[in-house]
Amino acid sequence: MAAKATDQAPVEAIADSEDLLMEILSRLPVKYLLRFKSVSKQWLNLISDRRFSLFHSQRHPNPPSSALFFNHSLCSSWSSTFEFIPLQNHHQVTDSPPFLSLFNSSSMAILQSTNGLVLCKSVSQSDLAYYIFNPTINQISQLPFPNASILLGNQSISVVGLNLAFDPSTSADYKVICVWKDNSCSYIHEIPHGINVYSPAIGEWKRSVNFFTPPFDMEFERGVYWNGNVLWLSHTEKTLCYDVQNECLKPLPLPPPSEGAYIGRFRYFGESRGHLHLVEIRTNCVSEFDILELDGDYMCWSVKYRVNLDVLGSEFPEMFQDCGDRFGRRFRFYAFSILGVIHGEEEGDSVLVVSIPGKILSYNFRTGITRSLCDVIDHSDKWLPFKGYNAYQYTPSLYRVEW
């Protein structure tokens, strides 16, 4: 009996030491911790504790995205139907996730996802509200409405975009960036804009940038958080980004256009595990395109991957639409949209996710293998059921959004 008691002593020591238990559990992936909540009340309380969630997030600063969820609509950003597609067949924890009912049972729209958190907007006939949501633990927190701190009695000012900045490896606090404009100016190229920032630690919006004039086509509603900055896309040769820590705007160079006019030249702009990617495609009648990556100094875009669509879709003929014009010339139309460039745990796990008529495909850059993730049905457009701007990465996180 004495020997048995001695054998159990280390186990009891771990169970009695919360710091030691935290040290051990914090090394595990989120999917296991979600299951371990049912082990005991002690484990449930520890894993649900804000201090543990921050410790775990800092220990796993760049976890890979395990799924995509997006608006099941070609044009409308307020559709009440969302799809959720795991990126791996062995994915178990978030299949048929409970949080999906929040989106599909309400007028909730996703604006942005960053490092496990989702910025949402709810629109009804009588109300407009913004939320920060962690779908992994099904926790949501409503933001104070930004207009009260921005308008200041000026009815000509309106909100043009909200963006989420969150990196648990550098800060325990997320921030929401609100860009507004003053519509009293009649010149479209000189409309003054400003920025207010919300921090849950402070609990209110504060003015950060008073007035600036951005490029006329800046997409403030589609910001990307990367390397401590919120970046916005313009189809010209220059754009802007907002430095969250220093609360200032900085220029961001864009690659020169490959040919012709600027408008609508970019088909994808997104981040994955510290990599910022940009894709320029002028027409769906070319068989190859490059995926560009920006260096950490914000100076140079370089080719990270080159994609051959004939190779990617070789086993999926529905991607190819062979057509002809009125002069009898034949050409091939490639029916696809880019949903994401996703980096895995290893470089060889990185994939390109695209939608084609009736399917979502995953293309591995290293192996050149394309596999079908799922079948999709969308009667709004038989060729292109989804758009990249409506797709959002799902990254498991324990971060608690309530303060």
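**Close-up views of a predicted model**

**View 1. Residue N163 lies in strand 7, which spans residues 157-165.** In this predicted model, N163 is buried, its relative accessible area being 0%. Its side chain takes part in a polar contact with the side chain of W232 at 2.7 Å, and the side chain of N163 also reaches the backbone oxygen of F220 at 3.3 Å. When neighbours within four places in sequence are left aside, the residues in contact with N163 are Q112, L119, K175, V176, I177, F220, E221, R222, G223, V230 and W232. Of the two polar partners named here, W232 belongs to strand 12, which covers residues 229-233, while F220 falls within strand 11, which covers 219-226; both strands are shown in the next view.

**View 2. Strands 11, 12, 13 and 14 form an open sheet in the order 11-12-13-14, with antiparallel pairing.** The edges of this sheet are taken by strand 11 (219-226) and strand 14 (248-253), each of which pairs on one side only. On average, and with direction ignored, neighbouring strands are turned by 35° against each other. Strand 11 is joined to strand 12 (residues 229-233) in the antiparallel sense by 4 bridges, and within this pairing W226 has N229 of strand 12 as its bridge partner.

**View 3. A second open sheet contains 4 strands, arranged in the order 15-16-17-18 and paired in the antiparallel sense.** Strand 15 (266-272) and strand 18 (301-308) stand at the edges with a single partner strand each, so one side of each has no neighbour in the sheet. From one strand to the next, the twist averages 25°.

**View 4. Strand 17 (residues 288-294) pairs with strand 16 (residues 275-280) through 3 bridges, the two strands running antiparallel.** Two of the residue pairs can be followed here: V279 has I291 of strand 17 as its bridge partner, and L278 is partnered in strand 17 by L292. Strand 17 is itself mostly covered, since 5 of its 7 residues are buried.

**View 5. Strand 17 and strand 18 form a hairpin with 6 residues between them.** In the turn, Y298 has a positive phi of about 60°. The two strands run antiparallel and are joined by 7 bridges, and in this pairing the bridge partner of E293 is S302 of strand 18.

**View 6. Helix 5, made up of residues 50-59, has F52, S53, L54, H56 and S57 among its buried residues.** The elements that cover the buried residues of this helix include helix 2 (18-25), helix 3 (30-36) and helix 4 (41-48). At the start of helix 5, a side-chain oxygen of D49 comes to within 2.9 Å of the backbone nitrogen of R51.

**View 7. The axes of helix 2 and helix 5 come within 10 Å and cross at roughly 40°.** The two helices are therefore oblique to each other, and their crossing is right-handed. On the side of helix 2, the contact is made by E18, D19, M22, E23 and L25, and on the side of helix 5 by R51, F52, F55, H56 and R59. Of these contact residues, F52 and H56 are also listed among the buried residues of helix 5.

Conventions. Residues numbered from 1 in each chain as written. Predicted model: local features only at pLDDT ≥ 70, side-chain atom pairs only at ≥ 80, totals over all residues. Heavy atoms only, no water. Pairing = 2+ DSSP bridges. Axes fitted to C-alpha atoms, helices over the stretch in contact; angles between N-to-C directions. Buried < 20%, exposed > 50% of the residue type's maximum accessible area, 1.4 Å probe, protein only. Contact = heavy atoms within 4.5 Å. Polar contact = N/O pair within 3.5 Å; in protein donor to acceptor, adjacent residues only side chain to side chain. Parallel < 35°, antiparallel > 145°, perpendicular 65-115°, else oblique. Left-handed = near helix turned anticlockwise from the far one by under 90°.
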